[in-house]
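Trainee: I am new to this structure and would like a close look at a single part of it. Could you walk me through how that part is put together and what it touches?

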Amino acid sequence: MHISDEILLNVTKPGRYSGGELNAIVKPGGAPINFAFCFPDVYEVGMSHLGLQILYFFINRRRDACCQRAFMPWPDMEALMRGNDLPLYALETGTPLRDFDMLGFTLQFELSYTNVLAMLDLAGLPLRSSERGEDMPVVCAGGPCACNPEPLAEFIDFFYIGDGEAALDEILDNYRENKNNGGGKQAFLESVAGLPGVYVPAFYDAEYDENGLLLRFAPNRPSAPATVKRAVVSSLDAAFFPDKFIVPWIETVHDRAMLEIFRGCIRGCRFCQAGFLYRPVRERSPETLFAQAGELLSNTGHEEISLVSLAACDHSRFENLVDGLLARCSPEKVNISLPSLRVDAMSLSVLQKTQTVRKSSLTFAPEAGSQRLRDVINKNLSEDDILDGCFRAFEAGFDRVKLYFMAGLPTETDEDVAGIARLAERVVDQYYKLPYEQRRRPVSVSVSASCFVPKPFTPFQWAAQDELRAFNEKQRAIKDLIRKKQISYRYHDAPSAVVEGVLARGGRPLAAAIERAYRLGAKFDGWSEHFNFEIWQNAFKQSGIDTDFRVHRERQAEEIFPWDFIDIGVSKKFLRREWERGMEGKTTPNCREGCAGCGMAAFAETAACGRESNSALSLRREIQP
Amino acid sequence: MRYISHLDLLRAFQRVMRRAKLPVAYSQGFNPHILLSFALPLPLGMESARDYADLALTGGEEISPEEIVSRLNENAPGGLRFLGARMLGSGEARAAAIVAAADYALRLPVSSEEDSRAISTVLDALLAEPTLVTLKKTKSGEKETDIRRDILRLSYETGPEPQIILRLSASSARFLNPETVAGLIFERLQRESVGRFLRLDLYREVGGKRVPLMEEIPAGAAAAPGETP
């Protein structure tokens, strides 16, 4: 790659742009299908993403395809690229993105949408699909935010909804066949429009009223199905997983090997999009994971391996898994990191095993400050669970605890908000129940409250999001109520939650506002130092978007949502029932305790839900009071 | 490679060691890491033709220096090559403790003979100065420093890729940044600073002579340093 030193030695962290990492794949001369995986954030964030590593090696395992990577350049690099007419290029070979057959964006969260536009722009491509010619790459997008593709519908040629491993091969097969037959971009899109998980926005007409409410949505040609079904991999044990990862030269956010121990979640917390989007739970067996860990570690040299899932201890053979990994990793001085644990006895004992040397901080996520509100959100965790968990952790030698909460949850009252401060103070009290000689240093409890943003495909998709003023008042209230000096309090930026909320549940009319915001200079909106609320307020105003109506009102039961045409497997009826139960303060048991009838069992013929062993079930019951 | 900082390079080296499954020794304590240390950090933006690091192995496994080098090279990422290894004698000091000087090549995009003559003249003039006082940034503002005695050699090589070869002090007590010298040269040439540094080799002092770190010192001579470049 030949980017001049005049550019690379004048930017921060030039290693972001120079490629050449261990295990990166360079296919000289390319392949019949040249695919660029585009991550709309900076290199260190993108390279920490498991999905990138999986799909990179998944596509590159094909002889007929070559996958390279591109990231959003940091503003210093972006300025130099624009100043030097250097188009956005892929790291492996330096090939400009516009020379690729396909660009694939991953949509991890809504505040990266302006970066998607920036990357298209830096590649020298028109932003809108309708303005990109036959000689330009096909632009596709996937990832969790693709479950409501409509805000980006004007910019993306096709979306892919679901597990990449499920139907990506078929899409690439079609691409190659179409190319061999001399077919163009339109013919290719026609050929994939009916595949599982594929949505071609141009093949559907959407009509909105002046408030942005969806009136009608329907395909405009026979090749496009009325309902787009999410593509689902039925068995993770049989699914592809790379035996190596690209090892970055520079330090990344999560600089370690990753094992995906299962996909999906049994819990059904009503605010959590991932909890519904990735159903059913599909586990990898410990045996598969041991083999994958062995290969990954010997091919990367990583000193840490992380067990990735939505709630690690929900793996039905969790202890078995951790013991086996410890036996393999400890002699090699490899740390095991468990980023997602619940507060219970088993988790704590596992944690102690994995952290024999260093007592780092523990993170608990009560999410809400009162039992009433935790029932509303279906977070089946009692105050006693939390306090007992903390006490046991303190007994075991931990003295730093992080507590995560959300402000602005549906039905939240002042009393619930005050509960956040009260719970934090009670956690501190637990520490002082320890005998004096066991308290080695002052306990530190850090409380963080984020602003709740309702997301599509959750029971809270009908909810009204708190207004800016309410968020600010709540955050101030929590701050004022915290008296103990052992507690530190951090809260998230409320204005960016408003933008996130508009984008999350928006429809096609948002295209104009997103493009406007980008033209006005919005980028890296997920980074507080770059987020500029004024730009977004202007962009919404100039495009006639009423943010109050879009996010701050409760939606009607019969309202058609922009994402209703997508069938993720969990039915809208079930989500509505869960919304109503939530409003009544009723909890719903998790998938292992009993099937709540979300629709997933019927959706995926080989769905794993309900197939767990009885022993795992009973073990679970003992732990969950 | 030159876009990688010293700390990132250190981490990359540790991962090569792990992939090569060498019987490396780890530090004690909360966060064990491989006992590996470079002779002299390589600044971001600079390439190196020969670098040195000390690596501690556990006593358990017999392994020859040749075997170490070949296993490391099998596991090295592009841009990194291991040139040689030798076992340190007991009592030999760490490479970082004995490195005294470094050679650098400053590659120039010079073409005309006139340019070449101008450069040679400037280099000769610099060497003829009894003192060369520069401003050195310190924690408490700037300080005047005489760098003349830290310029050990200065020469100009013509050819298709003309370059200035600099030998400068590079011990922990006396270190002269090659950029400082380049600054002086370009100032006298009345030109914008250009060119790229390649670090050529590192030296220690043995009996008043400078010897590349890789060279083994016969028994009885001064203490000697480390191994893998």
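**A close look at chain B**

Mentor: Happy to. Let us start inside chain B, where 13 residues of domain 1 of chain B are in contact with 12 residues of domain 2 of chain B. Please keep in mind that this is a predicted model. To find the two parts on your screen, look for residues 6-97 of chain B, which make up domain 1, and residues 100-208, which make up domain 2. The C-alpha centres of these two domains of chain B are 29 Å apart.

Now turn to the surface that the two domains share. About 1,100 Å² is buried between domain 1 and domain 2 of chain B, and carbon and sulfur atoms give 52% of that area. On the domain 1 side, the residues that lose the most area to domain 2 of chain B are Leu40(B), Met46(B) and Glu47(B), which together account for 50% of what that side buries.

Glu47(B) deserves a second glance. The side chain of Glu47(B) also meets that of Arg196(B) in a salt bridge, with an N to O distance of 3.6 Å. Between domain 1 and domain 2 of chain B, the count is 2 salt bridges. Polar contacts join 6 residue pairs across this interface, both residues of each pair being at pLDDT 80 or more. If you sort the residues by class, the side of domain 1 that touches domain 2 of chain B holds 8 nonpolar, 1 polar and 4 charged residues.

Next, follow chain B outward to its partner. Here 23 residues of chain B are in contact with 26 residues of chain A. The two chains bury about 2,100 Å² between them, with 57% of it on carbon and sulfur atoms. From chain B, Tyr3(B), Arg15(B) and Arg18(B) lose the most area to chain A, and together they make up 34% of what the chain B side buries.

Charged pairs can be found at this interface as well. The count between chain B and chain A is 6 salt bridges. To see a salt bridge between the chains, find Arg2(B) and Asp5(A), whose closest N and O atoms are 2.8 Å apart. Across the interface of chain B and chain A there are also 9 residue pairs in polar contact, again with both residues at pLDDT 80 or more.

So there are two interfaces to explore in turn: the one between domain 1 and domain 2 of chain B, with Glu47(B) and Arg196(B) in a salt bridge, and the one with chain A, where Arg2(B) pairs with Asp5(A) in a salt bridge.

How values were computed:
Residues are numbered from 1 along each chain as its sequence is written. Chains are lettered from A and ligands numbered from 1 in the order in which they are written. This is a predicted model: local features need pLDDT of at least 70, side-chain atom pairs count only at pLDDT 80 or more; totals for chains, interfaces and linings use all residues. Side-chain values use heavy atoms; hydrogens and water are left out. Domain bounds come from an automatic or database domain assignment. Contact means heavy atoms within 4.5 Å. Buried area is the accessible area (1.4 Å probe) that two parts lose on being put together, summed over both. A salt bridge is a side-chain nitrogen of Lys or Arg within 4 Å of a carboxyl oxygen of Asp or Glu. A polar contact is a pair of N or O atoms within 3.5 Å; within protein, one must be able to donate a hydrogen and the other to accept it, and residues adjacent in sequence count only if both atoms are side-chain atoms. Ala, Val, Leu, Ile, Met, Phe, Trp, Tyr, Cys and Pro count as nonpolar, Asp, Glu, Lys and Arg as charged, and the others, Gly among them, as polar.
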